[in-house]
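I opened this entry to record what I looked up, going from the whole chain down to one helix and one side chain.

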Amino acid sequence: MGEAAVKVAGRRETPPERRTTGLRRLWKYKLLYVLLIPAFVWVFLFDYLPLYGISIAFVDYNAIQGLSASPWAGLNYFRMLFESEMFMNAFVNTLIISLYKMISGFICPILLALALNEIRSAWFKKTLQTAVYLPRFVSWVVYGGIITLLLSPETGIINKVIEFFGGDPVYLLVDPAYFRTILVVTDAMKEMGWAAIIYIAAIAGLNPEVYEAAIMDGATRFKRIVHITLPGIASTIVVIFILRVGYVMSAGLDQVINLYNPMVFEVGDILDTYIYRVGIEQFSLSLAAAADVIKGAIGLVLVLIANHIAKRINDSGIF
């Protein structure tokens, strides 16, 4: 028989020689598989093992009695969340802020990568890359303090500019009309340099002969970007977009908790700060766990939907 696999008892069975080849390949790269063991252990300990804690959302958890001895609560805590005005406010704020951040955090790195790719001066390009990467390595505690100083109505440079043109100082961080915009802009400024690395690497992998041919045909820089660069990194863009969709229910705990205050609580409270406040400050762990389960479930569903749409459109996806 010339087929790679034969039918035996109604099933297709892999021939012995192919199984032997697979075992030889496994033995040949045994050291590489050994190197994967620490990564598998890490993922199991910190990603899969903690999933057992999801059951806290379904019991009336008592830290003294333990999880197994805590009485069963069913969906009571989920019902409490959807009846809570504070939770619904945090839920809506999370969606609004995350969508704004997803748009800015998705578009800005692409534009930055395209701009850096067009710079011909090597030293200027490296200097600019370093400058836009640096904020990524500054914690939100420090970065938030810098933002607070910049936006201060007394000493902030923003209000100094406003006063120079005859306006009155504005305390931007306590004004609900500006707070969400500040969150989106400062997040983009901090993260876009680091996020652009992936797109820069994807652009560097494109065939330079295609660009040379386009130049010989008289294509301008803009046309080369539209017709060569963007289509060339389209699969990378799709994968990054799908991954960002998974974090749509995470609006940035570190950033918000360092910048928000009671004056902007109505527009700045998000699910992460709600979970922190309920779980840590009020020690209602079951309620906090229920909120986290809702957050994770929505993220999972959105990733599956985005991946399905991406595969239907251009056959690109993460799985």
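My notes below start with the overall chain and end with a single arginine.

**Whole chain.** I worked from a predicted model. I counted 15 helices and two strands in the protein chain. I then looked up the radius of gyration: the protein chain has 26 Å, whereas a compact globule of 319 residues would have one near 20 Å. Along the principal axes, the C-alpha atoms fill a box of roughly 85 × 75 × 35 Å.

**Burial and contacts.** I found 34% of the 319 residues buried. The exposed surface comes to about 20200 Å², with 68% of it supplied by carbon and sulfur atoms. Among contacts with a separation of 6 or more, 61% are between residues 24 or more positions apart.

**Helix α11.** I took residues 234-245 next, which form helix α11 with its 12 residues. From first C-alpha to last, α11 reaches 17 Å, close to the 16 Å expected at 1.5 Å a residue. Which residues of α11 are buried? I listed I237, V238, I240, I242 and V245. The cover over these buried residues includes α4 (85-117), α8 (176-204), α10 and α15 (285-314).

**R224.** I placed R224 in helix α10, residues 221-232. How far away is the nearest side chain of opposite charge? I noted E118 at 4.6 Å from R224. A salt bridge needs a distance within 4 Å, and R224 has none although it is buried. Leaving out residues up to four places away in sequence, I recorded that R224 touches Y211, A214, I215, A219 and T229.

Terms used:
Residues are numbered from 1 along each chain as its sequence is written. This is a predicted model: local features need pLDDT of at least 70, side-chain atom pairs count only at pLDDT 80 or more; totals for chains, interfaces and linings use all residues. Side-chain values use heavy atoms; hydrogens and water are left out. Helices (H or I, at least four residues) and strands (E, at least two) are DSSP runs, numbered from the N terminus. Buried means under 20% relative accessible area, exposed over 50%, partly exposed in between (1.4 Å probe, protein chains only). Lys and Arg count as positive and Asp and Glu as negative; His and the chain ends are not counted. Contact means heavy atoms within 4.5 Å. The expected span of a helix is 1.5 Å times one less than its number of residues. The radius of gyration is taken over C-alpha atoms; the globule rule is 2.2 Å times the number of residues to the power 0.38. Accessible areas come from the Shrake-Rupley method with a 1.4 Å probe; for residues, only the protein chains shown count as cover.
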